[in-house]
Amino acid sequence: MELNRLLLLTSFLLHVKEGHARPMGPICDNRLIQKYIGEAKDMEKRVVRKQCPPKPSTRLGWQDRAGSSSWHLTAAALLPQQSECQALPALSCPVVLPLVDFNMRQWKNKSDEIKRREILCNLVLLVGAVTEAQGQVSQECGAGQLSQLYRHASSFLLLLQTFGWEEGPWEPGCSPRSIEQTHVTEIFLTYRQLVQGKLRFFFHNLAKDSCD
């Protein structure tokens, strides 16, 4: 799993088009961002859903000509078993999450640099929230999902810092819209919305001018 993350990030950073000071991998290869969206959805499902025991009365079977039942299977035997986290308790100390919803018309009117900095601000706040939550979640499954989310968000944070249209290093001096949350599930929801929303559209718009 770690090797897969490293390969993805390496592909991001090595696909640099001559004459452009930004990596082209996630822009021109839509499969990369789609992979991250799919993984974000999977992480969210694992911490949001609760496993419910199958109803014992639900059976499938067939009858012979005499009307007697020859065999039966419970529905649970035919359903795929998913490894999901148990319900996570509320955090004792709330974390601050960015509000990542946006108006599409206003978003289209922003420059690429403003979009980049806005996403960076969201990522900085999100990574900080994940770090704080990690210190409060002891359940193995939940802690593992938070670690995976931290790696993904940090990869995007590193990636976008290489995209600069302006000279000089980027410094997080912004104050994005935010909200306090005590539910761990909200962290995964925020990350999924950010990747599926602003990040996806950001890469899509850049592809129009940067890809052959």
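Visitor: Which residues of α3 meet which residues of α6?

Guide: In this predicted model, the α3 side of the contact is formed by Ile 33, Tyr 36, Glu 39, Met 43, Arg 46 and Val 47, and these meet Cys 141, Gln 145, Gln 148, Leu 149, His 152, Ser 155 and Phe 156 of α6.

Visitor: How should I describe the way two such helices lie against each other?

Guide: Two packed helices are described by the angle between their axes together with the distance between those axes. Here the axes of α3, which covers residues 30-48, and α6 come within 10 Å and cross at roughly 155°. Because angles over 145 degrees count as roughly antiparallel, α3 is roughly antiparallel to α6. The crossing of these two helices, α3 and α6, is left-handed.

Visitor: At what angle do the axes of α6 and α7 cross, and within what distance do they come?

Guide: The axes of α6 and α7, the latter spanning residues 184-210, come within 11 Å and cross at roughly 30°. This angle makes α6 roughly parallel to α7, and the crossing is again described as left-handed. On the α6 side the contact involves Gln 145, Leu 146, Leu 149, His 152, Ala 153, Phe 156, Leu 159 and Leu 160, while α7 contributes Val 184, Ile 187, Phe 188, Tyr 191, Val 195, Leu 199 and Phe 203.

Visitor: Cys 141 was named among the α6 residues that meet α3; which cysteine does a disulfide join to Cys 141?

Guide: A disulfide is a covalent bond between the sulfur atoms of two cysteines. The structure holds one disulfide, and it joins Cys 141 to Cys 85, with an S to S distance of 1.9 Å. Cys 85 sits in the loop between β2 (69-74) and β3 (95-98), whereas Cys 141 belongs to helix α6 (residues 140-160), so that the pair, 56 residues apart, links distant parts of the chain. The angle about the S-S bond is -70°, and the link is left-handed.

Visitor: Is Cys 85 buried or exposed?

Guide: Cys 85 has a relative accessible area of 3% and is therefore buried, since buried means under 20%. Cys 93, by contrast, counts as partly exposed, at 45% relative accessibility.

Visitor: How many helices and strands does the whole chain have, and what share of its residues counts as buried?

Guide: The chain has seven helices and four strands, which follow one another from the N terminus as α-α-α-β-β-β-α-α-α-β-α. Of its 212 residues, 34% count as buried. The chain exposes about 12,600 Å², of which carbon and sulfur atoms supply 53%.

Key:
Residues are numbered from 1 along each chain as its sequence is written. This is a predicted model: local features need pLDDT of at least 70, side-chain atom pairs count only at pLDDT 80 or more; totals for chains, interfaces and linings use all residues. Side-chain values use heavy atoms; hydrogens and water are left out. Buried means under 20% relative accessible area, exposed over 50%, partly exposed in between (1.4 Å probe, protein chains only). Accessible areas come from the Shrake-Rupley method with a 1.4 Å probe; for residues, only the protein chains shown count as cover. A disulfide is a pair of cysteine sulfur atoms within 2.5 Å. Axes are lines fitted to C-alpha atoms, for helices over the stretch in contact, and angles run from 0 to 180 degrees between N-to-C directions. Angles under 35 degrees count as roughly parallel, over 145 as roughly antiparallel, 65 to 115 as roughly perpendicular and the rest as oblique. A crossing is left-handed if the near helix is turned anticlockwise from the far one by less than a right angle, and right-handed if clockwise. Contact means heavy atoms within 4.5 Å.
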